[in-house]
Amino acid sequence: MRDRVLHHAVFRVLCPIFDKSFIFDSYSCRIDKGTHRAVARLRKFCRRLSRNNTKNIFVLKCDVRKFFNSIDQEVLLELIEEKVSDKNALWLIREIVRSFGKKDSIKSSLDSRFRGNDKRGLPLGNVTGQLFANIYLNELDQFAKHGLKEKYYLRYCDDFLILSESKEYLEKLIFPIGNFLKKKIGLNLHPNKIIIQKFRQGVDFLGYVVLPYHTSLRTKTKRRILRKIKEKKFLLREDLVSEDLFNQSLQSYFGMLNHCEGYAIRKKIEKIAKIKL
């Protein structure tokens, strides 16, 4: 509990300093952002670029390989020091970052800035880690918006998208983006998660599939929701969870379905929920 209080205190001081330097279309762990706003923004981008679905467009999807495990702590601290000068604050931030202490067993072949550095990694699950991740990947955001001058770019955590009318143009972006990530912040694109999709075939992003005339849940997401509801219904029957907790779960899933075409899955959830104990 003491650690959580500390992390939140540090976050409340650092967030206003760094958040104003982030691009508008960075949606992970920020106030008034989140997955649903990211998906809504993607829909808006698609409508605009496709001229209200009258023209086919393409979407480049990329993912950073082992992002949290690959964050170079020294590079992160250098980025923080560009905006924070208080020595006591920097000491505390360094202690927090160093406490994550994950060693990277993969020997880097990058330039001398990264050679021999085994101080890598941030854990998931706390607010400072989420902010540090945004500070780190803000370098990519700035490169995409101001270096590559991409108008239709958005990012959620280490997943990012770029839209274009040309598939060939998007293919040519892969090398400069990968090269920038390696040389600037010591990251690599996941080779198996570089995908160029036609918008008309659906863009799979953050658990949803965005199509020209509607948005649906990803098939895996549907299956997971139904499985979890069945599991919680079983726990309710065994008196291992309360009815209030079960209903809260239902409302959470119904809230998710409000952002897509979810009538069919909603009916299936309601059918499971109505099964007599």
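## Exercises on a predicted model

Asn 126 lies in the loop between α5 (87–100) and α6 (127–147). The model is predicted. The exercises below start from this residue and move outward.

**Exercise 1. Decide whether Asn 126 is buried or exposed, and find how far Asn 126 is from His 8 in space.**

Step 1. Take the relative accessible area of Asn 126, which is 16%. Buried means under 20%. Asn 126 is therefore buried.

Step 2. Compare sequence and space. Asn 126 and His 8 are 118 residues apart in sequence. Their C-alpha atoms are 8.6 Å apart.

Step 3. Set another pair beside this one. His 36 and Asn 179 are 143 residues apart along the chain, and their C-alpha atoms are separated by 30 Å. His 36 sits in helix α2 and is partly exposed, at 30%.

**Exercise 2. Describe the chain as a whole: its elements, its extent and its buried share.**

Step 1. List the elements. The chain has ten helices and seven strands.

Step 2. Read the extent. The C-alpha trace spans about 65 × 55 × 35 Å along its principal axes.

Step 3. Read the burial. Of the 277 residues, 47% are buried.

**Exercise 3. Work out why β1 counts as largely enclosed, and name its strand partners.**

Step 1. Check each face of β1 (58–63). Phe 58, Leu 60 and Cys 62 lie on one side. Val 59, Lys 61 and Asp 63 lie on the other. Both sets are buried.

Step 2. Draw the conclusion. Six of the six residues of β1 are buried, so the rest of the structure largely encloses this strand.

Step 3. Find the partners. β1 runs antiparallel to β3, with six bridges between them. Here Phe 58 stands opposite Ser 164. β1 also pairs with β4 (residues 195–198), again antiparallel, over four bridges. There Lys 61 faces Ile 195.

**Exercise 4. Trace the hairpin of β2 and β3, and find the residue in it with a positive phi.**

Step 1. Sort the side chains of β2 (residues 153–156). Tyr 153 and Arg 155 point one way, Leu 154 and Tyr 156 the other. All are buried. The pattern fits a general rule: in a regular strand, side chains alternate between the two faces of the sheet.

Step 2. Pair the strands. Four bridges join β2 to β3 (residues 159–164), and the two run antiparallel. Tyr 153 stands opposite Ile 162.

Step 3. Inspect the turn. Two residues lie between the strands, and Cys 157 takes a positive phi near 55°. Most residues other than glycine have a negative phi.

Step 4. Look for further cases. Cys 29 has a phi near 55°. Cys 29 lies in the loop between α1 (2–19) and α2 and is partly exposed, at 38%. Lys 66 has a phi near 45°. Lys 66 lies in the loop between β1 and α3 (67–70) and is partly exposed, at 48%.

**Exercise 5. For three of the twelve salt bridges, say which parts of the chain each one ties together.**

Step 1. Start with Arg 30 and Asp 19. Their closest N and O atoms are 2.8 Å apart. Arg 30 is in the loop between α1 and α2 and Asp 19 in helix α1, so the pair ties together parts eleven residues apart in sequence. Arg 30 is buried, at 13%, whereas Asp 19 is partly exposed, at 25%.

Step 2. Move to Arg 120 and Asp 72. Their side chains meet at 3.7 Å, N to O. Arg 120 lies in the loop between α5 and α6 and Asp 72 in the loop between α3 and α4 (73–81), so this bridge ties together parts 48 residues apart in sequence. Arg 120 is buried, at 3%. Asp 72 is buried, at 1%.

Step 3. Finish with Arg 155 and Asp 141. The closest N and O atoms are 2.8 Å apart. Arg 155 belongs to strand β2 and Asp 141 to helix α6, so parts 14 residues apart in sequence are tied together. Arg 155 is buried, at 1%, and Asp 141 is buried, at 0%.

Step 4. Add the network. Salt bridges link Glu 74, Glu 81, Arg 94 and Arg 98.

**Exercise 6. Name the residues of the positive surface patch and place Lys 44.**

Step 1. List the members: Lys 44, Arg 47, Arg 48 and Lys 151.

Step 2. Place Lys 44. Lys 44 is in helix α2 (residues 35–49) and is partly exposed, at 37% relative accessibility.

Key
Residues are numbered from 1 along each chain as its sequence is written. This is a predicted model: local features need pLDDT of at least 70, side-chain atom pairs count only at pLDDT 80 or more; totals for chains, interfaces and linings use all residues. Side-chain values use heavy atoms; hydrogens and water are left out. Patches are made of residues with over 30% relative accessible area and no salt bridge: like charges are joined within 9 Å, nonpolar side chains (Val, Leu, Ile, Met, Phe, Trp, Tyr) within 5 Å. Accessible areas come from the Shrake-Rupley method with a 1.4 Å probe; for residues, only the protein chains shown count as cover. A salt bridge is a side-chain nitrogen of Lys or Arg within 4 Å of a carboxyl oxygen of Asp or Glu. Lys and Arg count as positive and Asp and Glu as negative; His and the chain ends are not counted. The place of a charge is taken as NZ of Lys, CZ of Arg, CG of Asp or CD of Glu. Buried means under 20% relative accessible area, exposed over 50%, partly exposed in between (1.4 Å probe, protein chains only). Two strands pair if DSSP finds at least two bridges between them.
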